[in-house]
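Welcome to a set of short exercises on reading a protein structure. Keep the sequence and the 3D view open, try each task yourself, and then compare your steps with the worked solution.

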Amino acid sequence: MAIRGDAAGQAFALPTDPEPEMGAAASRLDPARARMRRLPDPKPLTQHGPARIIAMCNQKGGVGKTTSTINLGAALVEYGRKVLLIDLDPQGALSVGLGVPAQNLDRTIYNALMERRTSLKDVRVSTDIPGLDLVPSNIDLSAAEVQLVSEVAREQTLMRVLADVRDEYDYILIDCQPSLGLLTVNALTAAQGVVIPLECEFFSLRGVALLVDTIEKVKERLNPELEISGILATMYDARTVHCREVFSRVVEAFGDTVFRTVIQRTVRFPETTVAGQPITTWAPTSSGASAYRDLAKEVLAL
Ligand SMILES: Nc1ncnc2c1ncn2[C@@H]1O[C@H](COP(=O)(O)OP(=O)(O)OP(=O)(O)O)[C@@H](O)[C@H]1O
Ligand SMILES: [Mg+2]
């Protein structure tokens, strides 16, 4: 039986959790709430593939890339989409977050990237959620960054290996590591869209210009299809002036590129990592789960 975390959180209000119901006045004060829109329910699919490939990317660490990859993926599956998640970080947090003990695996994304005879089909695993598959990663992948340098068409390596499975899925989400190195460039070269998770705190804004510049370069030189799908505000806490101000500045700078969905800061997310499950199954009625469902609707509407 699947374990659910809902009950645990209902007993008491956590200090970092936003107030559940804010009145109209509070809504005026909260720039994220003011931008919220009702989104249409996605249409069911009659057939699957070829996948839209999205890189979840920000060279800043700990901004919610992995959390967003898992939970956007799981929410898309709830809407009947078939989803493949690619762990492109040698830390393997995506794999761990889905309960896959990747450190013990002999074959991971590393083998698919580096060995011509190994296909993604040989290394992918299914998760506890039907329709959600994973290509795991572990520390082996750290060697790929160096080894790929001498490969022919090194930036297109991931794109080539994804071709084997693209027709089976509706979405392929790539969880990038916190760097703009060759693996991340591979993700940007393979992708049609980039989602940029951005923590609502002052230093977050600094790196975005460099990231946007890298995305532009990849678009010009390697992948004309590439677009920014959206900037996703994460770890948002409407009660702090600082957080609201950072969010307003992000919207000022990037306008409609910022998703209307905002992910609140809540301890439910660290809990899900321990549980090895997405929030949509761990705490299906939580505000975090419904936020990622809203994000999935926005992504489906793009
Ligand atoms: N909305 C949130 N509220 C509170 N904590 C969160 C939230 N989203 C993520 N976290 C926690 O913050 C930490 C970093 O999140 P995550 O691993 O998703 O970031 P990341 O960008 O993938 O990090 P890295 O750059 O190291 O790969 C994790 O412990 C995660 O559980
Ligand atoms: Mg990560």
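Two strands pair if DSSP finds at least two bridges between them. Helices (H or I, at least four residues) and strands (E, at least two) are DSSP runs, numbered from the N terminus. With these terms, Arg 52 stands opposite Tyr 171 in E5.

This is a predicted model, in which local features need pLDDT of at least 70 and side-chain atom pairs count only at pLDDT 80 or more, while totals for chains, interfaces and linings use all residues. Residues are numbered from 1 along each chain as its sequence is written, chains are lettered from A and ligands numbered from 1 in the order in which they are written, and side-chain values use heavy atoms, with hydrogens and water left out.

**Exercise 1. The sheet**

Find the order of the strands in the open sheet, and name the edge strands.

Solution.
- Step 1: Follow the 8 strands across the open sheet; the order is E3-E4-E2-E5-E1-E6-E7-E8, with mixed pairing.
- Step 2: Look for strands that pair on one side only; these edge strands are E3 (125-126) and E8 (258-264).
- Step 3: Look at what packs on the sheet. Helix H12 (residues 241-254) touches E6 (193-199), E7 (227-236) and E8, and its direction makes about 170 degrees with that of E7. Contact means heavy atoms within 4.5 Å, and axes are lines fitted to C-alpha atoms, for helices over the stretch in contact, with angles running from 0 to 180 degrees between N-to-C directions.

**Exercise 2. Strand E5 and its partners**

Which strands pair with E5 in the parallel sense, and over how many bridges?

Solution.
- Step 1: Recall that strands of a sheet pair through backbone hydrogen bonds, either parallel or antiparallel.
- Step 2: Take E2 (residues 83-88), which runs parallel to E5 (residues 171-176) and is joined to it by 6 bridges. Val 83 faces Tyr 171 of E5 as its opposite residue, and Leu 85 stands opposite Leu 173.
- Step 3: Take E1, which pairs with E5 in the parallel sense over 5 bridges.
- Step 4: Check the side chains. Tyr 171, Leu 173 and Asp 175 point one way from E5, whereas Ile 172, Ile 174 and Cys 176 point the other way. In a regular strand the side chains alternate between the two faces of the sheet.
- Step 5: Check the cover. In E5, 6 of its 6 residues are buried; buried means under 20% relative accessible area, exposed over 50%, and partly exposed in between (1.4 Å probe, protein chains only).

**Exercise 3. The edge strand E8**

Why is E8 largely enclosed by the rest of the structure?

Solution.
- Step 1: Count the buried residues: E8 is largely enclosed because 5 of its 7 residues are buried.
- Step 2: Look at the neighbour E7, which runs parallel to E8 and is joined to it by 3 bridges. Here Ala 233 stands opposite Val 262.
- Step 3: Trace Val 262 to Arg 33: the two are 229 residues apart in sequence and 8.6 Å apart in space, C-alpha to C-alpha. Arg 33 belongs to helix H3 (residues 31-35), and its relative accessible area of 26% makes it partly exposed.

**Exercise 4. Two crossing helices**

At roughly what angle do the axes of H4 and H15 cross?

Solution.
- Step 1: The axes of H4 (residues 65-78) and H15 (residues 287-301) come within 8 Å and cross at roughly 75 degrees.
- Step 2: Classify the angle: H4 and H15 are therefore roughly perpendicular to each other. Angles under 35 degrees count as roughly parallel, over 145 as roughly antiparallel, 65 to 115 as roughly perpendicular and the rest as oblique.
- Step 3: Look at a neighbouring contact. Thr 280, in helix H14 (residues 279-282), touches residues including Asn 71, Ala 75 and Arg 293. At 4% relative accessibility, Thr 280 is buried.

**Exercise 5. Backbone details**

Where is the cis peptide bond, and which residue of E7 has a positive phi?

Solution.
- Step 1: The cis peptide bond joins Gly 49 and Pro 50, with omega about -10 degrees. Pro 50 sits in the loop between H3 and E1 (52-56).
- Step 2: Met 235 is in E7, and its phi is near 55 degrees, a positive value in a residue other than glycine. Met 235 is partly exposed, at 23% relative accessibility.

Definitions and conventions: Lists of a residue's contacts leave out its neighbours within four places in sequence.
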